[in-house]
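This report looks at a few acidic residues and asks where each one sits. Please keep the structure open beside the text while reading.

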Amino acid sequence: MYDENNCIKYIQDAIQGKVSRKYSGDDIINIMDIIWDYYEDHGLLDLESDAELDTDDLIASVKKTLSKDKRNKVAMDDVEPIVLAELDFEETLDEKDEEEDAEGEEEEDEA
């Protein structure tokens, strides 16, 4: 299950050496929202869609959106590591879902 607070902590931990903790949770949530808007605009939330994520296009889109935001505090050089950390966080959720599905199937087999 996707949890914003867990994602923020994951991103802050992942970018610690590269970017440090110079960005607030709100700065990171803003980027997370832009990512999910991108997913929606590109049909990536539609379960029946065959659309695939273009990471370079996503990063460019996030940068473009942030460059228009007068309240943005995130440096453009820091966008890529933040986006990649968010994508890594999503991967950890996919792995957990797969593990839970496998455990559920084992329990069904045992019954």
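Glu4 is partly exposed, with a relative accessible area of 37%; here buried means under 20% relative accessible area, exposed over 50%, and partly exposed in between (1.4 Å probe, protein chains only). The structure is a predicted model, in which local features need pLDDT of at least 70 and side-chain atom pairs count only at pLDDT 80 or more, while totals for chains, interfaces and linings use all residues. Residues are numbered from 1 along each chain as its sequence is written, and side-chain values use heavy atoms, with hydrogens and water left out.

Glu4 belongs to helix 1 (residues 4-19), where helices are DSSP runs of H or I with at least four residues, numbered from the N terminus. Leaving out residues up to four places away in sequence, Glu4 touches Ile29, Met32 and Asp33, a contact being heavy atoms within 4.5 Å. Although Glu4 and Met32 are 28 residues apart in sequence, their C-alpha atoms are 8.5 Å apart in space.

Two further glutamates can be set beside Glu4.

| Residue | Helix | Relative accessible area |
|---|---|---|
| Glu4 | helix 1 | 37%, partly exposed |
| Glu40 | helix 2 | 56%, exposed |
| Glu86 | helix 4 | 1%, buried |

Glu86, which lies in helix 4 (residues 76-110), is in contact with Tyr2, Cys7, Ile11, Met32, Ile35, Trp36 and Tyr39, once its neighbours within four places in sequence are set aside.

How values were computed
Helix = DSSP H or I, 4+ residues; strand = E, 2+ residues; numbered from the N terminus.
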